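Open the model in your viewer and keep the selection panel at hand. The stops below say what to select next and what is there.

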Amino acid sequence: WSRIGGNLAPSMVQGGGVLTFQGITANAAGRYLCTAVNAAGKAEGVAEVIVNEESPLDYVRKEETAFVGSNAQLKCAVSGSPAPQLEWSKDGGPLPENARVINNELWLRDLRMENAGRYICTATNSAGRTRDYVILNVRAVPTLEVKIEANKDIVNMGDTLDLRCKVTGDTSARISWYKVAQEGPLPENVRIRGPILVINGVMPENGGVYR
């Protein structure tokens with residue numbers, strides 16, 4: 001084998017009458033001459049190699065999370081040359097009524113729980129077709145309710161008073177205690193044990209509003 005108008009590159013390997021291109025690039029495009037010789041004479045054949053420079057489509061899978069009532073923006077993470085044409089669908093079906101495609105991005109406004117699911121972006125160009133998908137998780141807006149419970153209704157001097165802060169709705173909420181209209185740290189006989197404020201040996205100065 002030989003290359004018409006040039007030399008074979010090191011990445012071009014020939015053996016057994018076969019010319020192999022390893023990691024072919026655009027520079028390999030051209031005409032190649034195959035020469036066969038035996039006792040009867042010589043024969044030649046020409047092969048033309050055309051390299052398609054269009055890049056394949058790439059895709060990335062991802063996941064998004066948003067709350068009910070908010071807006072979500074989903075991007076189709078595909079690229080290629082020439083630029084692909086994009087089409088969105090939800091789980092292979094039509095998009096919901098509150099979905100709009102703007103500049104190839106999918107926007108969902110005023111999210112509802114039923115908007116959760118897999119949104120598929122199909123990208124097509126002359127090099128082929130591929131899909132990217134985004135998983136959209138829709139969560140309810142977290143609620144928070146706080147209630148303070150005491151271990152006794154009537155407190156006398158010297159008693160131990162436990163005030164428990166009970167939080168429902170958001171179990172990850174951080175609890176902190178303070179005394180209204182008091183600057184600085186709590187009195188020495190006041191301790192905080194997780195969600196419980198403990199007053200050991202109640203004194204007159206412990207009176208007040210705790211939050």
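Which side chain meets that of E114 in a salt bridge? Select E114 and R112: their side chains form a salt bridge, with N and O 3.1 Å apart. Bear in mind throughout that this is a predicted model. Colour the pair by accessibility next. E114 counts as exposed because its relative accessibility is 53%, over the 50% cut-off. R112, at 32%, is partly exposed.

**The domains**

Now zoom out and colour the chain by domain. Domain 1 covers residues 2–49, domain 2 covers 63–139 and domain 3 covers 145–206. Put a centre on the C-alpha atoms of domain 2 and another on those of domain 3; the two centres are 49 Å apart.

**Domain 1: R31**

Select R31, which belongs to strand β4, residues 30–38. Its relative accessible area is 45%, so R31 is partly exposed. Add A47 to the selection. R31 and A47 are 16 residues apart in sequence, yet their C-alpha atoms are 5.7 Å apart in space. Beyond its neighbours within four places in sequence, R31 contacts R3, I4, V46, A47 and E48.

**The largest nonpolar core**

Next, select L74, W88, L106, L108, L111, Y119 and L136. The largest nonpolar core has 16 residues, and these are the ones that touch the most other members. Show the strands around them: β7 (72–74), β10 (105–108), β11 (117–125) and β12 (128–139) each give two or more residues to this core.

Centre the view on W88. What does W88 touch, not counting residues up to four places away in sequence? The list is L74, K75, C76, L95, V101, N104, E105, L106, Y119, I120 and C121.

A separate core of 9 residues lies apart from the largest one; L161, C165, W177 and I199 are among its members.

**A nonpolar patch on the surface**

Switch to a surface view and select F67, V68, M113 and V141. Together they make a nonpolar surface patch of about 340 Å². F67 sits in strand β6, residues 62–67. Is F67 buried or exposed, or in between? Its relative accessibility is 39%, so F67 counts as partly exposed.

**Domain 3: D162 and its surroundings**

Select D162 in strand β14, which spans residues 161–168. D162 is partly exposed, at a relative accessible area of 26%. Leaving out neighbours within four places in sequence, the contacts of D162 are E149, A150, N151, I196, L197 and V198. For a sense of distance, add A116: this residue is 46 places from D162 along the chain, and their C-alpha atoms are 44 Å apart.

**The remaining salt bridges on this tour**

How many salt bridges does the structure hold? There are 5. E114 with R112, the opening stop, is one of them.

Select E149, one of the contacts of D162. E149 forms a salt bridge with K147, N to O 4.0 Å. E149 is partly exposed at 32% relative accessibility, while K147 is exposed at 52%. Add K166 to see the network of salt bridges that links K147, E149 and K166.

For the last stop, select K152 and D159. They form a salt bridge in which the closest N and O atoms are 3.8 Å apart. K152 has a relative accessibility of 29%, so K152 counts as partly exposed.

Definitions and conventions. Residues are numbered from 1 along each chain as its sequence is written. This is a predicted model: local features need pLDDT of at least 70, side-chain atom pairs count only at pLDDT 80 or more; totals for chains, interfaces and linings use all residues. Side-chain values use heavy atoms; hydrogens and water are left out. Domain bounds come from an automatic or database domain assignment. A nonpolar core is a set of buried Ala, Val, Leu, Ile, Met, Phe, Trp, Tyr and Cys residues joined through side-chain atoms within 4.5 Å. Buried means under 20% relative accessible area, exposed over 50%, partly exposed in between (1.4 Å probe, protein chains only). Helices (H or I, at least four residues) and strands (E, at least two) are DSSP runs, numbered from the N terminus. Contact means heavy atoms within 4.5 Å. Patches are made of residues with over 30% relative accessible area and no salt bridge: like charges are joined within 9 Å, nonpolar side chains (Val, Leu, Ile, Met, Phe, Trp, Tyr) within 5 Å. Accessible areas come from the Shrake-Rupley method with a 1.4 Å probe; for residues, only the protein chains shown count as cover.
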